[in-house]
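Colleague: I'm new to reading protein models. Could you take me through one part of this one, slowly, and then show me what lies around it?

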Amino acid sequence: MTTPCPAHCGRQRHPRQYLCPTCWDALPTPAKRALGRRGPHAMTRLRELHRQIAAGVPLGQIAVTP
Ligand SMILES: [Zn+2]
């Protein structure tokens, strides 16, 4: 089962990943590292990611709570 990538790239993401592999690769390394961590701020980071995508922030400029 697949889901459309939330970055509107037309590709599919896997259920356990936030973005498709291509969009994930485009994120800055600190954002990838933070989003890959679990813990109390994981949902906050996911919301930050989605809010920035919705606002049209380029994937290479997205920043989330460290
Ligand atoms: Zn994508």
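Modeller: Sure, here is a walk through the metal site, followed by a look at the core and one residue of a helix. Keep in mind that this is a predicted model.

Let's start with the zinc ion. Its protein donors are the SG atoms of Cys5, Cys9, Cys20 and Cys23, and they sit 2.2 to 2.4 Å from the metal. If you read along the chain, these donors follow the pattern C-x3-C-x10-C-x2-C. Cysteine 9 belongs to the loop between strand E1 (3-4) and strand E2 (12-13), while cysteine 20 belongs to the loop between E2 and helix H1 (21-26), so this pair ties together parts that are 11 residues apart in sequence.

What about the geometry? The angles between the four donor atoms around the zinc ion run from 104 to 114°, and that makes the arrangement tetrahedral. For comparison, the ideal angle for four tetrahedral donors is 109.5 degrees.

Now see how much of each cysteine is on show. Buried means under 20% relative accessible area. Cysteine 20 has 1%, so it is buried. Cysteine 23 also counts as buried because its value is 3%, and cysteine 5 counts as buried because its value is 5%. Cysteine 9 is partly exposed, with a relative accessible area of 28%. With all these cysteines around, you might look for disulfides, but the structure holds zero of them.

Next, the nonpolar core. The largest one has 13 residues, and Leu19 and Leu49 are the members that touch the most others. Helix H2 (29-36) and H3 are the elements that give two or more residues to this core, with H3 supplying the largest share, three residues. Nonpolar side chains tend to be buried together in soluble globular proteins. If you click on leucine 49 and skip its neighbours within four places in sequence, you'll find it in contact with Tyr18, Leu19, Leu27, Leu35, Ile62 and Val64.

Last stop: glutamine 52, which is found in helix H3 (residues 42-54). Is glutamine 52 buried or exposed? Its relative accessibility is 16%, so it counts as buried. A polar atom of the glutamine 52 side chain lies 3.0 Å from the backbone oxygen of glutamate 48. Again skipping neighbours within four places in sequence, glutamine 52 is in contact with Val57, Gln61, Ile62, Ala63 and Val64. You have already met Ile62 and Val64, as contacts of leucine 49.

How values were computed. Residues are numbered from 1 along each chain as its sequence is written. This is a predicted model: local features need pLDDT of at least 70, side-chain atom pairs count only at pLDDT 80 or more; totals for chains, interfaces and linings use all residues. Side-chain values use heavy atoms; hydrogens and water are left out. Donors are N, O and S atoms within 2.8 Å of the metal (3.2 Å for Na, K and Ca); water is not among the atoms, so sites may look incomplete. Four donors count as tetrahedral if all angles lie between 85 and 135 degrees; four count as square planar and six as octahedral if opposite donors are over 155 degrees apart and all others between 65 and 115; anything else is irregular. Helices (H or I, at least four residues) and strands (E, at least two) are DSSP runs, numbered from the N terminus. Buried means under 20% relative accessible area, exposed over 50%, partly exposed in between (1.4 Å probe, protein chains only). A polar contact is a pair of N or O atoms within 3.5 Å; within protein, one must be able to donate a hydrogen and the other to accept it, and residues adjacent in sequence count only if both atoms are side-chain atoms. Contact means heavy atoms within 4.5 Å. A nonpolar core is a set of buried Ala, Val, Leu, Ile, Met, Phe, Trp, Tyr and Cys residues joined through side-chain atoms within 4.5 Å. A disulfide is a pair of cysteine sulfur atoms within 2.5 Å.
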